[in-house]
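User: Before I read this model, I would like each descriptive label to be set against the cut-off behind it. Could we go through the labels in turn?

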Amino acid sequence: PEAITVQELANRMAEKGADLVKALFKMGMAVTVNQTIDQDTAELLVTEFGHNIKRVSDADVELELETAEDSEADLQPRAPVVAVMGHVDHGKTSLLDALRGSGVAGGEAGGITQHIGAYQVTMKDKSKITFLDTPGHEAFTEMRARGADVTDIVILVVAADDGLMPQTIEAINHCKAAEVPMIVAINKVDKEDANPQRVRERLLEHEVIVEEMSGDVQDVEVSALKKTGLDELIEKIQLQAELMELKANPDRAAEGTVIEAKLDKGRGPVATILVNRGTLKVGDVFVVGAESGKVRALIDDHGKQVKKAGPSMPVEVLGLSGVPMAGDPLQVVDSETRAREVAEYRSSVLHQKRTAQAPASLESMFSALK
Ligand code: GTP
Ligand code: MG
């Protein structure tokens, strides 16, 4: 369906329009410079003139670098990545705090989560769980749309006094679309007007049938404030994780996903990366989205500098050329030249896409033409 005028194509190839007309004539097509030709003919011409065709599409921009698959023998168990979702003020941050035994929510401006926090908590039995605190679901929807679903399990937090609210339903829909298993944490059961049973009943309307209602979605009553039900919640997370047999190869060049990124006044661009596989180390050269870099420092969720980060571990990474986007893949590559090339290519493609006026695919199809 895409077409391009002969002149336009000539411009992109830095050839004379008349020469293209001549070549087309030899191919048995009588056209003028102002007439359009179809994509196949255009491609033919491009090769005829000795140029390389570089097809550029959305898919290519999202495309990760080719990397080797891991063999089954190299896989080792990894911690589950658990996202805490739910309506505003239903107690996501409080619950996370209770689970990690610290007090971040109290220190937040107005108690509202400003960013996506990522923490790894070591349980009594030494097993680990990685938690992601989500301020809104947009970042996650965006990440999923870009094919970067990092979440293994979702804890849906529903306040027992408030019940199902718009963002609760949004989170339910997100889980269903992403096919991520959900555990319902009915929070604030310490409150006088708490009605956990009503929450379970309302969940039925959204086809979420919890265990208490003879379904297979795990549910648990908790109070982040009084710290009740927490052990049971952890057990349910661990049970779910066991069923999933989550594994990754820690002994390879690291790959990860940007959870959040910002420009820090003192430290420059900083990205929180969740390592998906491999081990990220200080000194590693990487490409992340349309940026590149060399790991200058890795900082764990306690603010401590660490030398490396393995699968399921969230770390802050310093040493980036710029600020990437949430959901961008990070990949360690073997040379700085390669990292820069890939980053530059991606950013030029992104730039093309943003400035393209003409039908995107043809416009970009020849964007890399030299
Ligand atoms: P956003 O990040 O703004 O979406 O909120 P959130 O879901 O993280 O809620 P947050 O943890 O900030 O808690 C909101 C309010 O509910 C705070 O005032 C908490 O003290 C209170 N709260 C949280 N959990 C409980 C609970 O189990 N019982 C009672 N009574 N209050 C709670
Ligand atoms: Mg919060």
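Analyst: Burial comes first: a residue is buried when its relative accessible area is under 20%, exposed when that area is over 50%, and partly exposed in between, with a 1.4 Å probe and protein chains only. This is a predicted model, in which local features need pLDDT of at least 70 and side-chain atom pairs count only at pLDDT 80 or more, while totals for chains, interfaces and linings use all residues. Residues are numbered from 1 along each chain as its sequence is written, chains are lettered from A and ligands numbered from 1 in the order in which they are written, and side-chain values use heavy atoms, with hydrogens and water left out.

User: Why does E207 count as exposed or buried, whichever it is, and where is E207 placed?

Analyst: The relative accessibility of E207 is 63%, and the cut-off for exposed is over 50%, so E207 counts as exposed. Its place is the loop between helix 9 (196-204) and strand 9 (218-221), where helices are DSSP runs of H or I with at least four residues, strands are runs of E with at least two, and both are numbered from the N terminus.

User: What makes the backbone of E207 worth a remark, and which other residue of that loop has a positive phi without being glycine?

Analyst: Most residues other than glycine have a negative phi. E207, which is not a glycine, has a positive phi of about 55°. The other one is S214, with a positive phi near 70°, and S214 too is found in the loop between helix 9 and strand 9. With 71% relative accessibility, S214 therefore counts as exposed.

User: How do you know that D162 makes a polar contact with H90, and is D162 buried, partly exposed or exposed?

Analyst: A polar contact is a pair of N or O atoms within 3.5 Å; within protein, one atom must be able to donate a hydrogen and the other to accept it, and residues adjacent in sequence count only if both atoms are side-chain atoms. The side chains of D162 and H90 make such a contact at 2.9 Å. D162 is found in the loop between strand 7 (153-159) and helix 8 (166-178), and its relative accessibility is 40%, so D162 counts as partly exposed.

User: Which side chain makes a polar contact with Q238, and what else does Q238 touch?

Analyst: Q238, found in helix 10 (residues 230-244), is joined to S127 by a polar contact of 2.8 Å between the side chains. Contact in general means heavy atoms within 4.5 Å, and, when residues up to four places away in sequence are not counted, Q238 touches M123, D125, S127 and I129.

User: What makes D38 a cap of helix 3, and which residues of that helix are buried?

Analyst: A side-chain oxygen of D38 lies 3.3 Å from the backbone nitrogen of D40, and D38 caps the N-terminal end of helix 3 in this way. D40 is itself found in helix 3 and is exposed, because its relative accessible area is 58%. The buried residues of helix 3 (residues 39-48) are Q39, T41, A42, E43, L45 and V46. Just after this helix, G50 takes a positive phi of about 75°.

User: What is meant by a nonpolar core, and which residues have the most contacts inside the largest one?

Analyst: A nonpolar core is a set of buried Ala, Val, Leu, Ile, Met, Phe, Trp, Tyr and Cys residues joined through side-chain atoms within 4.5 Å. The largest has 26 residues, and those with the most contacts inside it are L132, L156, V184, L203 and V208. Strand 4 (81-86), strand 7, helix 8, strand 8 (182-187) and helix 9 each supply at least two residues of this core, and helix 8 gives the most, with four residues. A second, separate core of 25 residues includes V84, F131, A224 and I237.

User: How is the packing of helix 1 and helix 2 described, and which residues of the two meet?

Analyst: Axes are lines fitted to C-alpha atoms, for helices over the stretch in contact, and angles run from 0 to 180 degrees between N-to-C directions. On that basis helix 1 (residues 6-13) and helix 2 (residues 17-26) pack at an angle of about 115°, with their axes 8 Å apart. V6, Q7, L9, A10 and M13 in helix 1 meet G17, L20, V21 and L24 in helix 2.
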